[in-house]
2 protein chains.
Amino acid sequence: MGVQVPLYQAKAEFFRMLGHPVRIRVLELLADGPTPVRELLAAIEVEPSNLSQQLAVLRRSGIVTAARDGSTVVYALAGGDVAELMRAARRILTEMLAGREELLAELREAEASSAMPR
Amino acid sequence: MGVQVPLYQAKAEFFRMLGHPVRIRVLELLADGPTPVRELLAAIEVEPSNLSQQLAVLRRSGIVTAARDGSTVVYALAGGDVAELMRAARRILTEMLAGREELLAELREAEASSAMPR
DNA sequence: GGTACACTTGCACAGTTCTTCAATTGCGAT
DNA sequence: ATCGCAATTGAAGAACTGTGCAAGTGTACC
């Protein structure tokens, strides 16, 4: 029953895999259904080789699959509730950013009513 | 009012912030309620200065707050349904890890213990 | 004051990830 | 066979992240 490959390690790797703007956009596009690379390239501003590198990361992690169809390659989500994950993340993100805006507003008020900073 | 930092950038930063085993463990411990650093240190095998560095990352991102109470510092989730995010992630991980028995077993244990009162 | 403890910060170095370029593979058409 | 297009791979350097140590801040207690 020993822990051989730590669970926290696996979770962290999963989140790290999501931690790139191009990879996020790809996953959101794939959430609407299987998509050829050509379309991903048209939708995301990125060099083809860079997109391929990011697709390779997603493939290696197992969250997407690739299938060749003639001369194009079509990517799809390997399964799972990716959309649900994104929704949960967006909810937390919204709260986090809202809190930050409030702090910024408070900071501006405090500066206006006290001595000038450096 | 809205800052024009691309949304995908913000999402990627959010996930990258989660992409570290120590930070994951901290968030899961905090999901059970506010916790002093001393307890985090006892539960996670890590050097104090390393834990502090990871706590600083979480603080900077805004997902946790720190409050001094005497000589100890107590951390808490800043809000948001972190537990729900973790649940969605676990569901996807389960599918991705299908076939890797050890990790699946650990995921099931984690599910069981999170459903139990302490 | 001084010592002890809890926690944090600065810093240097090791390790990892990102980006880009050039080279390559696979496929369809000529 | 060769051309052109779609997509991938390999490799190198830049950029970023993680770690541990030493030094720092803040609090309590004598």
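Tutor: Before we start, a residue is near a molecule or strand if one of its heavy atoms lies within 4 Å of it. This is a predicted model, where local features need pLDDT of at least 70, side-chain atom pairs count only at pLDDT 80 or more, and totals for chains, interfaces and linings use all residues. Residues are numbered from 1 along each chain as its sequence is written, chains are lettered from A and ligands numbered from 1 in the order in which they are written, and side-chain values use heavy atoms, with hydrogens and water left out.

Student: Cool! How many residues surround DNA strand C, and which are the closest?

Tutor: There are 22, and the closest are Arg16(A), His20(A), Ser49(A), Ser52(B) and Tyr75(B).

Student: What do those side chains of His20(A) and Tyr75(B) reach?

Tutor: Phosphate oxygens of DNA strand C: a polar side-chain atom lies 2.8 Å away for His20(A) and 2.6 Å away for Tyr75(B). Both are polar contacts (a pair of N or O atoms within 3.5 Å; within protein, one must be able to donate a hydrogen and the other to accept it, and residues adjacent in sequence count only if both atoms are side-chain atoms).

Student: And which part of Arg38(B) lies 3.2 Å from a phosphate oxygen, backbone or side chain?

Tutor: Backbone, through an N or O atom.

Student: Switching topic, how does chain B superpose on chain A?

Tutor: By a rotation of 180° with 0.0 Å of shift along its axis, at RMSD 0.2 Å, using least squares on the C-alpha atoms of residues with pLDDT of at least 70 in both. That is the relation of a two-fold axis.
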